[in-house]
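Dear colleague,

I am handing over the structure below, and after it you will find what I found in it. Please keep it open beside you while you read.

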Amino acid sequence: MRKEKGLSQESLGEKNVSLINITKIADALDVSLIQLFAYVNEDIKVTKHEEGIQEIVNILQKSSPEKVRLARNVIREITN
């Protein structure tokens with residue numbers, strides 16, 4: 001996937017991969033963590049439910065702390 005996107009290992013920081021770096025790699029490739037690992041292991045099937053959850057996470061990662069708090073409260077109300 002990295003090669004397909006024309007990115008070097010150095011640009012993705014693959015020398016010492018931590019969870020934070022794995023997240024940065026997924027962001028650089030514009031894929032979710034689920035999609036990143038599914039690419040390596042084709043046996044992993046991503047459901048529409050999981051895609052929806054990941055989309056929510058992606059949106060919240062780019063939001064302000066206040067918007068995250070509001071979203072958390074709304075989700076709590078919806079799921080209770």
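Just after helix H2 (helices being DSSP runs of H or I with at least four residues, and numbered from the N terminus), Asp30 takes a positive phi of about 60°. This is a predicted model, in which local features need pLDDT of at least 70 and side-chain atom pairs count only at pLDDT 80 or more, while totals for chains, interfaces and linings use all residues. Residues are numbered from 1 along each chain as its sequence is written, and side-chain values use heavy atoms, with hydrogens and water left out.

Within H2, the buried residues (under 20% relative accessible area with a 1.4 Å probe and protein chains only, where exposed means over 50%) are Asn21, Ile22, Ile25 and Ala26. Because they cover an arc of only 145° around the axis, they lie on the same side of H2, the arc being taken from the directions that run from the helix axis to the C-beta atoms. The face turned away from that buried side carries Ile20 and Lys24, which are exposed.

The largest nonpolar core (buried Ala, Val, Leu, Ile, Met, Phe, Trp, Tyr and Cys residues joined through side-chain atoms within 4.5 Å) has eight residues, among them Met1, Leu12 and Val31. H2 gives the most to this core, with three residues.

Leaving aside neighbours within four places in sequence, Val31 is in contact (heavy atoms within 4.5 Å) with Met1, Ala26 and Leu36. Ser32, in the loop between H2 (19-28) and H3 (33-40), is buried, with a relative accessible area of 5%.

Best wishes

How values were computed
Helices (H or I, at least four residues) and strands (E, at least two) are DSSP runs, numbered from the N terminus.
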